[in-house]
Amino acid sequence: MAADQPTVLVVEDEPAQREVLRYNLEAEGFRVAAAGNGEEALVLLEEENPDVVVLDWMLPNLSGIEVCRQIKTRSDTRSLPVIMLSARSEEVDRIRGLDTGADDYVVKPYSLRELMARVKAQLRRARPSAAGLRLEFEDIVLDSETHRVTRDGQELKLGPTEFRLLSTFMEKPGRVWSREQLLDRVWGRDIYVDTRTVDVHIGRLRKALGAHGGNDPLRTVRGAGYALG
Ligand code: CA
């Protein structure tokens, strides 16, 4: 599993529909976490740190609307894109009216191709580097397609781990990442790596970024982790 493979959380109570979504999303290169109800969705939200949520409106007990509201009120998940699925267009109007904060709405029965396109559109917005785009922060430019990084126009030599670290930081400048979050994102959650390894690679990244001079753009936040800018 590639550590930087984007994760989609699918919340759908009908097993057949859930599996169709899983199959198609995996075929598009996503990692899939699937929940059959809202309570499970909230647990997976914590455990899987998804990049996009595809959320059915009609769920037993905790409804899709309530799950969406919880995602959008929590500070750590507020910017997580949510695509709501609903059975009828009138429902979509109602969900919109309820102002749940969902980022997009798809009416069932949906075209899988269209849903995949919408998932990718949300991902591009939320995680540009995973969608193969150019990221910029001050004088640093990172191209995730060509894997090139320049600073003030000069090319920097980064190892693969340092490259993934930098792209994680550049996706969300200012965000403080804990060592554990960086391990999940950069090394992948299936691999056991000591958190001190993160410090070692941060050190290498700092050195690479300063190779041609310039300030240290990485901030050590005591007791919390690291941030860019
Ligand atoms: Ca349902």
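Proline 109 sits in the loop between strand S5 (104-107) and helix H5 (112-126); helices (H or I, at least four residues) and strands (E, at least two) are DSSP runs, numbered from the N terminus. The peptide bond leading into proline 109 from lysine 108 is cis, with omega near -5°. This is a predicted model, where local features need pLDDT of at least 70, side-chain atom pairs count only at pLDDT 80 or more, and totals for chains, interfaces and linings use all residues. Residues are numbered from 1 along each chain as its sequence is written, and side-chain values use heavy atoms, with hydrogens and water left out.

Now hop to strand S3 (52-56). Here 5 of its 5 residues are buried, meaning under 20% relative accessible area, while exposed is over 50% and partly exposed is in between (1.4 Å probe, protein chains only). In a regular strand the side chains alternate between the two faces of the sheet. In S3, Val52, Val54 and Asp56 are buried on one side, and Val53 and Leu55 on the other.

What about the neighbours? S3 runs parallel to strand S1 (residues 7-11), joined by 4 bridges, and valine 8 stands opposite valine 52. Another 4 bridges join S3 to strand S4 (residues 82-86), again parallel, with valine 53 partnered by valine 82. Strands count as paired if DSSP finds at least two bridges between them.

Just before S3, asparagine 49 lies in the loop after helix H2 (38-48). Its phi is near 45°, positive though it isn't a glycine. Glutamate 138 also has a positive phi, about 50°, and lies in the loop between strands S6 (134-137) and S7 (140-143).
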